[in-house]
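The following exercises introduce a protein chain step by step. Each consists of a task and a worked solution, to be read beside the structure.

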Amino acid sequence: MNQRGRGSWRQRSLVLGVLFLFIFVRAATGQLRYTISEELKEGSFVGNIAKDLGIALNVMKQRGFRIMSGSTEPLFKVNENDGALYSHHQIDREHVCKDSNACLINLKTVLDNPLEIHYVTVEIVDLNDHSPIFPSKTKRLEISEAALPGAQYQLQNAYDPDAGTNSVQQYRISQNDHFRLEVKDRGRDGKTPILQLQRQLDREAKSRHKLVLTAIDGGTPPKTGTVEIYVDVLDVNDNMPVFIKDGYSAVLEENAPVGTTVMQVNATDLDEGSNGEVVYTFGSDVKDKIRQLFDIDLFTGEIIVTGHVDFEEQDSYDFDIQASDKGSIPFRTYKSVIIKIGDKNDNPPDIEVASLSNAISEDSRPGTTVALISITDLDSGINGKITSFVTEDSPFTLTPSIQDNMFAVVTKSQLDREEQSRYDITIIAKDAGEPSLKSKKTISVHVSDMNDNRPEFLVSPYAFYITENNPAGASMFSVRASDRDEGDNALISYHVLMNRGHENKVTSFLNINSENGDIVALKSFDFETLKTFQFHVVAKDSGTPPLSSNVTVNVFILDQNDNAPVILYPINSNGSAEGVEEIPRNVNAGHVVTKVRAYDADIGYNGWLLFSLQEVTDHSLFGLDRYTGQIRTHRSFTETDEAEHKLVILVKDNGNVSLSATATVTVKLVEPKEAFAASDVKSAAKVDEEDNVTLYLMITLGSVSLLFLISIIVLIAMQCSKSADYSSKYLQETNYDGTLCHSIQYRSGDKRYMLVGPRMSIGSTIVPGSHANTLVLPDRRCTSEVVR
């Protein structure tokens with residue numbers, strides 16, 4: 001035993017040394033191969049994957065290099081610090097690969113961001129660390145002396161867990177005169193020793209023979225195992241059972257129910273009585289696995305299913321059936337039985353996610369890889385042929401990879417996060433069996449945002465109406481924009497676009513809150529100076545690069561009653577509203593004494609002036625036109641009428657809070673001749689006075705007309721540059737024959753408005769909230785000229 005142990009140690013050391021000297025690395029189409037010996041200690045170096053793949057160590061750490069784990073405990077591990085592959089624990093080839101001759105461990109290694117997969121194959125080389133072992137130390141055979149030369153007796157196989165040349169390679173029988181040894185090669189089921197009778201036995205000469213059977217493996221040096229065979233020579237049963245067929249084979253569908261009859265073997269014996277009765281059993285070398293799956297009826301020879309038969313586990317079984325008679329010295333005959341397992345489509349495709357990107361940018365081009373998918377089917381033939389695809393309602397598709405059963409999930413069209421920010425991709429794999437089996441796997445992918453949407457204003461263009469004399473620094477109105485992107489890409493800031501020219505003077509007095517779009521006026525506006533203005537607001541997001549859009553803001557100043565009427569006539573030399581009028585005493589009723597002229601800078605109701613007599617010496621003599629300010633006589637004068645009359649005229653506008661002014665006219669009655677003389681004297685002064693009044697009127701009318709013309713030009717420009725949804729139409733009201741006031745018509749949307757003077761159109765109505773100076777007019781475009 002000591003010599004054997006020392007020999008085993010030397011052998012193992014020699015093999016280990018040779019294997020470590022000849023470990024090699026092969027790279028082809030992204031695949032590495034290493035060869036190591038079994039029984040390596042835990043943590044033993046296998047190979048440097050990073051070096052062999054040419055991957056920098058910092059790249060390996062950043063991209064998360066790992067071995068894709070399966071359902072069993074991993075045999076190897078990778079050190080991220082040096083890229084080396086180590087054994088996770090001591091590897092026993094006989095435990096890992098069992099009966100396989102070539103022990104190959106296939107590893108899948110994955111690098112993320114971007115996705116990259118490499119295949120590493122580690123071959124476990126067998127050591128001759130096991131000796132052949134027979135099931136028992138001794139074997140007893142009973143052979144009739146009537147047995148003829150050529151009779152064969154099957155012996156038990158020796159079992160050696162090692163593989164390849166290290167397993168049992170030959171058998172030897174000890175030297176004797178009656179028997180020789182034959183070896184039947186069963187392929188992967190090993191070699192079976194058969195004892196063949198060379199020379200007829202003579203029980204009287206020798207009743208027992210002792211043989212030693214030796215099993216020898218192919219290791220260097222070889223290892224052996226022995227069994228002692230005792231042959232007892234029996235007497236006379238000279239006919240052996242004979243099978244009817246030369247061979248037996250059958251096809252059994254996998255998953256056949258327990259109790260299914262596979263086949264029936266039949267043998268006959270020419271002897272009579274118990275020597276001719278045949279019973280059936282398994283051969284002595286049949287493995288326990290086969291005995292668990294099948295049983296044979298002792299008397300009928302029917303082979304029956306007793307366990308679960310799985311094609312994926314083993315596709316065929318080859319074993320021997322023994323037929324023996326019941327003679328006192330029974331004869332035994334062996335026949336080989338082959339049972340082939342037919343494949344059924346009983347395994348659905350298995351879908352495994354090798355690598356997955358949880359997020360993909362919405363600007364990714366079609367063909368961008370999202371995930372790597374492994375799809376396998378344990379069935380074979382047409383039952384293992386897989387068709388895989390992604391559900392039709394998804395902008396993703398499957399493309400095959402360079403490795404079998406590997407697929408890439410890629411984009412097939414452009415993505416838009418604003419339409420859909422997350423996709424649940426359902427992968428369907430089905431085989432071609434009948435009936436077909438299929439599997440589903442759903443992976444979730446989030447679409448990350450790109451700054452591909454400009455801010456959009458809620459209204460375009462904006463139109464705001466503000467009342468003049470607004471408090472400086474107070475918020476007037478707000479503009480709002482929205483962005484379909486998210487995060488910083490949707491964070492909007494506002495600013496006023498500064499243009500050159502007159503508009504810039506106005507916008508310089510505006511301030512906008514960059515966060516919420518609230519616009520503040522830094523000064524009060526005066527309707528009489530500025531009636532409307534326009535500016536542009538820019539909304540810009542915080543993306544990289546930022547996107548922006550602008551909107552036109554039209555602001556209309558609404559009039560307030562902030563101007564009191566101004567008396568234009570009468571005006572005396574010191575500037576007070578007082579005048580003297582001389583008229584002949586013989587004038588008739590209805591004679592125009594004079595006309596009080598007044599002006600109000602406001603418009604509409606606020607500029608609509610009404611005249612009334614506040615004081616008069618004789619109400620029966622004089623009358624005042626409410627709208628024109630003309631003073632007329634009611635009747636002719638009499639001798640009893642006083643010669644001088646004082647009239648105080650009140651002029652007030654129609655604002656909510658009326659403002660007013662007063663004028664005093666003194667009327668003197670003179671005799672006709674005096675009146676003519678006085679009229680000649682006063683005519684020159686009156687001409688000068690009227691010239692001054694006319695100058696004032698011309699200046700006032702020119703200013704109003706200029707402002708009105710500017711307003712018309714601005715509105716025409718706005719109408720030409722913007723959509724027809726926002727249109728303002730202004731029309732000068734000319735139906736006025738009294739005081740100087742304004743009358744403007746305009747249109748907004750489907751409504752027509754009018755800022756009225758003293759004469760209103762029939763059918764006009766006051767719009768609520770219009771500060772009592774805005775009327776809604778019936779749409780009579782055919783009867784009035786509209787200036788855009």
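Two residues are in contact when they have heavy atoms within 4.5 Å of each other. The model used throughout is a predicted one.

**Exercise 1. The chain as a whole**

Task: Determine what share of the contacts with a separation of 6 or more comes from residues 24 or more positions apart, and describe the composition of the chain.

Solution. Step 1: Among contacts with a separation of 6 or more, 66% are made by residues 24 or more positions apart.
Step 2: The chain contains 7 helices and 55 strands.
Step 3: Buried residues make up 46% of the 788 in the chain.
Step 4: The exposed area of the chain is about 40,700 Å², of which carbon and sulfur atoms supply 50%.

**Exercise 2. Confidence of the prediction**

Task: State the mean pLDDT of the chain and examine the stretches 1–29 and 683–687.

Solution. Step 1: The mean pLDDT is 79, and 83% of the residues reach 70 or more.
Step 2: Residues 1–29 stay under 50, and the model has 35 contacts beyond four places in sequence for them.
Step 3: Residues 683–687 also have a pLDDT below 50, with 2 contacts in the model beyond near neighbours in sequence.
Step 4: Where pLDDT is low, predicted coordinates should not be read in detail.

**Exercise 3. A sheet of four strands**

Task: Give the strand order of the open sheet that holds 4 strands, and explain why strand 24 and strand 28 each have one side without a neighbour in the sheet.

Solution. Step 1: The order is 24-26-29-28, and the pairing is antiparallel.
Step 2: Strand 24 (350–356) and strand 28 (396–400) stand at the edges with a single partner strand each, so one side of each has no neighbour in the sheet.
Step 3: On average, neighbouring strands of this sheet are turned by 30 degrees against each other, direction ignored.
Step 4: Within the sheet, strand 26 (residues 369–376) and strand 29 (residues 406–411) run antiparallel and are joined by 5 bridges. I373 has F407 in strand 29 as its bridge partner.

**Exercise 4. A sheet of three strands**

Task: Find which strands stand at the edges of the open sheet formed by 3 strands, and which residue stands opposite L510.

Solution. Step 1: The strands follow the order 34-38-37, with antiparallel pairing.
Step 2: The edges are strand 34 (475–478) and strand 37 (510–512); each has a single partner strand, so one side of each lacks a neighbour in the sheet.
Step 3: The average turn between neighbouring strands of this sheet is 30 degrees, direction ignored.
Step 4: Strand 37 is joined to strand 38 (residues 518–521) by 3 bridges, and L510 stands opposite A521 in strand 38.

**Exercise 5. Strand 19 and a ring cluster**

Task: Decide whether strand 19 is mostly covered or mostly uncovered, and follow F282 to its partners.

Solution. Step 1: In strand 19 (residues 278–282), 4 of the 5 residues are buried, and the strand is mostly covered.
Step 2: Strand 19 runs antiparallel to strand 22 (residues 316–325), to which 5 bridges join it.
Step 3: I321 in strand 22 stands opposite F282.
Step 4: F282 is also linked by ring pairs into a cluster with F294, Y317 and F319.

**Exercise 6. Two aromatic pairs**

Task: Classify the ring pairs F396 and Y423 and W608 and Y627.

Solution. Step 1: The structure holds 16 aromatic pairs.
Step 2: The ring centres of F396 and Y423 are 5.4 Å apart and the planes stand at 75 degrees; planes over 60 degrees apart count as edge-to-face, so this pair is edge-to-face.
Step 3: F396 belongs to strand 28 and Y423 to strand 30 (residues 422–431), so the pair ties together parts 27 residues apart in sequence. Both F396 and Y423 are buried.
Step 4: For W608 and Y627, the centres are 6.3 Å apart and the planes are at 10 degrees, so the pair is stacked.
Step 5: W608 is buried, at a relative accessible area of 9%, whereas Y627 is partly exposed at 35%.

**Exercise 7. A contact across the sequence**

Task: Locate P149 and name the residues it touches.

Solution. Step 1: P149 lies in the loop between strand 8 (138–144) and strand 9 (152–154).
Step 2: The relative accessibility of P149 is 46%, so P149 counts as partly exposed.
Step 3: Leaving aside residues up to four places away in sequence, P149 touches L197, Q198, R199 and Q200.
Step 4: P149 and Q200 are 51 residues apart along the chain, yet 5.6 Å separates their C-alpha atoms.

Technical notes:
Residues numbered from 1 in each chain as written. Predicted model: local features only at pLDDT ≥ 70, side-chain atom pairs only at ≥ 80, totals over all residues. Heavy atoms only, no water. Pairing = 2+ DSSP bridges. Helix = DSSP H or I, 4+ residues; strand = E, 2+ residues; numbered from the N terminus. Axes fitted to C-alpha atoms, helices over the stretch in contact; angles between N-to-C directions. Buried < 20%, exposed > 50% of the residue type's maximum accessible area, 1.4 Å probe, protein only. pLDDT = per-residue confidence, 0-100. Areas by Shrake-Rupley, 256 points an atom, 1.4 Å probe, with all protein chains shown as cover. Phe/Tyr/Trp six-rings, centres within 6.5 Å; stacked < 30°, edge-to-face > 60°.
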